[in-house]
Amino acid sequence: MKILITGNAGFIGFHLGNYLAGLGHEIIGIDNLNSYYDVNLKYSRLKEAGFSTKDIKEKHKISSKVYPNYSFTKMDMSDKSSLKSLFDKENFDVVCNLAAQAGVRYSLESPEEYLTANVDSFLNILECCRYNSIKNLVYASSSSVYGLNEKLPFSTNHNVDHPISLYAATKKTNELMAHTYSHLFNIPSTGLRFFTVYGPWGRPDMALFKFTKAAINGDTIDVYNNGEMFRDFTYVDDIVSGIASVIFNPPESNKNWDGMMPNPSSSSAPYKIYNIGNNNPIKLTDFIEIIEDYLKIKVNKSFKPLQPGDVVSTFAEIDGLKTDFNFEPKTSVKDGVINFLDWYTSFYK
């Protein structure tokens, strides 16, 4: 297959690109390489994937020295004409949209960036899919869409009408937009609600990265809700495995879908929503303890109240992925954290 991965220099996009290219698929990645977090880390990911970072120029396609079937172009999805030209030229089979402005807390500071990156740019992707006979559009949603819902585990059958951050609202908007295009133009679309992804090459704004950096530097870490936070931490290799299963199996219309009792995770259109998580929430203080034990460092903690936009607990029901693709997370949190710590201490010396 020829597969477009947007957000290819990002954490998940980097791992997915390497995995799919390793399987022999033709991969074209795009990323705008913005400065939301350390751009050098993004360039280092691309270098690890075999790209000569000195050759990266706007809208200039470069090839990987590791995977002959893997190329990268620096491009912003908000540039509609460039995106259209790319689609017209490459004739993609599948699109995997991982590009987004991430971060719950940053959405309180810079809301406009979320509309441009997560809504306007996603519309451009949908329009390109509409006119290019895409066999499957897979896109990143988020566990944050569950918002004020307190019923655990979070199920794709639950109502998600009460987001508590603009980031979450844009992700729900993506799901609604995708359904509309699936219904109107018969574009198969699959939304994946990611649950706290972590692992080597992760994002610096995520908890594991920040905790590790603070531990090594002897800094104090902020622990919110006085430590009573639970997260369904999901290792990146498990995430990539789940995405790959979905990519190769586009959704079909649910023949038993009932408009009188509508199931929000499927439709009479070729549309599907899945949770993709570890199905095993961990208390944040226990998570920190794994870091402390492995690094043999006692971390200074400052316990603080819950932050605006944060939820106390996340817990993914993953029955849909299990039933449809035999998906089963394989990496324990302890093993995953240790893998990250080994990478971090090597990468940052």
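**Entry 1. Helices H7 and H9**

I began with the packing of helix H7 (residues 207-217) against helix H9 (residues 284-295) in this predicted model. Their axes lie 11 Å apart, and the angle between the helices is about 45°. I therefore recorded H7 as oblique to H9. For the handedness of this pair, I noted a right-handed crossing.

I then listed the residues that make the contact. From H7, I found Leu208, Phe211, Thr212, Ala215 and Ile216. On the side of H9, they meet Leu284, Phe287, Ile288, Ile291 and Leu295. I sorted the residues of this contact by class and obtained 9 nonpolar, 1 polar and no charged.

**Entry 2. Serine 142**

I next looked up serine 142, which lies in strand S6. Is serine 142 buried or exposed? Its relative accessible area is 7%, which is under 20%, so I entered serine 142 as buried.

Which side chain forms a polar contact with that of serine 142? I found the side chain of serine 144, at 2.9 Å. Leaving aside residues up to four places away in sequence, I noted that serine 142 touches Tyr167, Lys171, Leu192, Arg193 and Phe194.

**Entry 3. A cis peptide bond**

I checked the peptide bond from leucine 152 to proline 153 and recorded it as cis. The omega angle of this bond is near -5°. I located proline 153 in the loop that runs between strand S6 (136-142) and helix H6 (166-185).

**Entry 4. Positive phi at threonine 196 and lysine 349**

I looked up two residues other than glycine that have a positive phi.

For threonine 196, I read a phi near 35°. I placed threonine 196 in the loop between strand S7 (189-194) and strand S8 (197-198). Why does threonine 196 count as buried? Its relative accessibility is 17%, and the cut-off for buried is under 20%.

For lysine 349, I read a phi near 50°. Where is lysine 349 placed? I found lysine 349 in the segment after helix H11 (333-347). The relative accessibility of lysine 349 is 81%, which is over 50%, and I therefore entered this residue as exposed.

To close the entry, I set the two residues side by side: threonine 196 is buried, whereas lysine 349 is exposed.

Definitions and conventions:
Residues are numbered from 1 along each chain as its sequence is written. This is a predicted model: local features need pLDDT of at least 70, side-chain atom pairs count only at pLDDT 80 or more; totals for chains, interfaces and linings use all residues. Side-chain values use heavy atoms; hydrogens and water are left out. Helices (H or I, at least four residues) and strands (E, at least two) are DSSP runs, numbered from the N terminus. Buried means under 20% relative accessible area, exposed over 50%, partly exposed in between (1.4 Å probe, protein chains only). Axes are lines fitted to C-alpha atoms, for helices over the stretch in contact, and angles run from 0 to 180 degrees between N-to-C directions. Angles under 35 degrees count as roughly parallel, over 145 as roughly antiparallel, 65 to 115 as roughly perpendicular and the rest as oblique. A crossing is left-handed if the near helix is turned anticlockwise from the far one by less than a right angle, and right-handed if clockwise. Contact means heavy atoms within 4.5 Å. Ala, Val, Leu, Ile, Met, Phe, Trp, Tyr, Cys and Pro count as nonpolar, Asp, Glu, Lys and Arg as charged, and the others, Gly among them, as polar. A polar contact is a pair of N or O atoms within 3.5 Å; within protein, one must be able to donate a hydrogen and the other to accept it, and residues adjacent in sequence count only if both atoms are side-chain atoms.
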